[in-house]
Amino acid sequence: MTKASTLSLDLSSSVMLFLLAAVWGGSFFFGEIALSEVPPLTITLHRVIWAVPILALVVLFKGIAVPRSLRVWGAYLVMGALNNAIPFSLIFWGQTQIESGLASILNGTTAMFAAVVAGLMLPDEPLTAKKIIGAALGIAGVAFIMGPSALTEFNPSNLAQLAILGATLSYAFAGVWGKTALAGQSPLMNAFGMLVGSTALMIPIVFMFDGLPSLSLSVGVWGALLGMAVLSTALAYFLYFAILVRAGAANLLLVTLLIPPFAIGIGVLFLGEEIGLEAWIGFAIIALGFAVTDGRIVSFLFRKTTT
């Protein structure tokens, strides 16, 4: 078996990594389009429910055994809440108040917060100085974006930015839950089970708060919803696990830095969004925090200065 340390980004893995960043970055664009006619909770339901049959076909085609244990399906329910239902709903609601590009920048703190949460909760991933410094830089970047008014004013924009941060924390806890509760299962089965779990959660929530979803939507909105489900969810998970096997988790994390440029570019080109200088500076600080957390760039520069 190939050791994680020998895994590297070859040309195929790099192409898949950029494609993954594009489809995940595109989810912010799709969300912005869908929000013109569909409320956030219902968008979340659309995103997960239409992805379920696609991944079901992949699981069936690959001959992956479907677990029968209630414990495993209970774990999928929790994973669906932490990795889909909660963060998707928070991000889509956040996009009702802030631009899709800014939402993607704030979402870029996921890797740093995940490293800290894992360091606090998993004994085999201890909390190190670089994780703490990386998280501190991530928080500094967010603080720079939000500005001093966040401490003196309470407005929808600030609340939306906090909602995006809540989504990143949910993703962080999902990582820990997946590693502890679902480690023995097939990765693709975990993706399928998680989507089934999040769909089961979102159906009653949507009916309770939004009512019966309307199917009388414009062609553009239907395109955004299906694009989100097919590309940003089903295809994204397939790419995610393919890269994980070929290049390893450390290289896969690089997608965190690639998503905002794609999301911002799409937002500027197709939505006419404008990203202020403070957001770009904040993104640079967040990117620095990621580099410190990841460690490879810092180690490379240190070796260069000592040789």
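Trainee: Let's start with Leu188: in which helix is Leu188 found?
Mentor: Happy to begin there, and keep in mind that this is a predicted model. Leu188 touches Val58, Val59, Lys62, Ile64, Phe238 and Phe241, leaving aside residues up to four places away in sequence. The helix that holds Leu188 spans residues 187-209, and it is α10.

Trainee: Is Leu188 buried or exposed?
Mentor: The cut-off to use is a relative accessible area under 20% for a buried residue. Leu188 has 10% relative accessibility, so Leu188 counts as buried.

Trainee: How far apart are the C-alpha atoms of Leu188 and Phe88?
Mentor: Along the chain, Leu188 and Phe88 are 100 residues apart. In space, their C-alpha atoms are separated by 20 Å.

Trainee: Phe88 makes me think of Asn83. Which residues does Asn83 touch, not counting residues up to four places away in sequence?
Mentor: Asn83 belongs to helix α4, which covers residues 70-94. Its relative accessible area is 15%, and under 20% means buried, so Asn83 is buried. With residues up to four places away set aside, the contacts of Asn83 are Phe88, Tyr171, Ala174, Met194 and Tyr237.

Trainee: What about Leu162: is Leu162 buried, partly exposed or exposed?
Mentor: Leu162 has its place in helix α9. The C-alpha atoms of Leu162 and Phe88 are separated by 14 Å, with their positions 74 residues apart along the chain. Partly exposed lies between the buried limit of 20% and the exposed limit of 50%. At 44% relative accessibility, Leu162 therefore counts as partly exposed.

Trainee: Turning to pockets, which helix supplies the largest share of the lining of the second largest pocket?
Mentor: The second largest pocket has a volume of about 170 Å³. Of its 13 lining residues, Leu102, Ile145, Ser157, Gln161 and Glu278 are the closest to the centre. Helices α7 (129-146), α9 (156-181) and α13 (277-294) each supply at least two residues of that lining. The largest share, three residues, comes from α9.

Trainee: And how many charged residues does the lining of the second largest pocket have?
Mentor: Sorted by class, that lining has five nonpolar and five polar residues. The charged residues in the lining number three.

Trainee: Now for helix packing: are α2 and α3 roughly parallel or roughly antiparallel?
Mentor: Helix α2 covers residues 40-49 and helix α3 covers residues 51-61, and their axes lie 5 Å apart. The angle at which the two pack is about 20°. Angles under 35 degrees count as roughly parallel. The relation of α2 to α3 is therefore roughly parallel.

Trainee: How many residues of the contact of α2 with α3 are nonpolar?
Mentor: From α2 the contact uses Arg47, Val48 and Ile49, and from α3 it uses Ala51, Val52 and Pro53. One residue of the contact is charged and no residue is polar. The nonpolar count is five.

Trainee: Staying with α2, why does His46 count as buried?
Mentor: His46 is found in helix α2, and it touches Val38, Trp222, Leu225 and Ala229, not counting residues up to four places away in sequence. Buried means under 20% relative accessible area. His46 counts as buried because its relative accessibility is 5%.

Trainee: Where is Val206 relative to His46, C-alpha to C-alpha?
Mentor: His46 and Val206 are 160 residues apart in sequence. In space, C-alpha to C-alpha, they are apart by 10 Å.

Trainee: Last one: what is the C-alpha to C-alpha separation of Tyr240 and Leu20?
Mentor: Tyr240 has its place in helix α11, residues 219-252, and is partly exposed, with a relative accessible area of 29%. Its contacts, not counting residues up to four places away in sequence, are Leu20, Trp24 and Leu252. Tyr240 and Leu20 are 220 residues apart in sequence, and in space their C-alpha to C-alpha separation is 7.1 Å.

Note on methods
Residues are numbered from 1 along each chain as its sequence is written. This is a predicted model: local features need pLDDT of at least 70, side-chain atom pairs count only at pLDDT 80 or more; totals for chains, interfaces and linings use all residues. Side-chain values use heavy atoms; hydrogens and water are left out. Helices (H or I, at least four residues) and strands (E, at least two) are DSSP runs, numbered from the N terminus. Buried means under 20% relative accessible area, exposed over 50%, partly exposed in between (1.4 Å probe, protein chains only). Contact means heavy atoms within 4.5 Å. On a 1 Å grid over the protein atoms alone, a cavity is a set of points where a 1.4 Å probe fits but cannot get out, and a pocket is an open set with protein on both sides within 12 Å along at least five of seven lines; lining residues have an atom within 4 Å of a point. Grid points are joined across faces, edges and corners, and a volume is the space filled by probe spheres set on the points. Ala, Val, Leu, Ile, Met, Phe, Trp, Tyr, Cys and Pro count as nonpolar, Asp, Glu, Lys and Arg as charged, and the others, Gly among them, as polar. Axes are lines fitted to C-alpha atoms, for helices over the stretch in contact, and angles run from 0 to 180 degrees between N-to-C directions. Angles under 35 degrees count as roughly parallel, over 145 as roughly antiparallel, 65 to 115 as roughly perpendicular and the rest as oblique.
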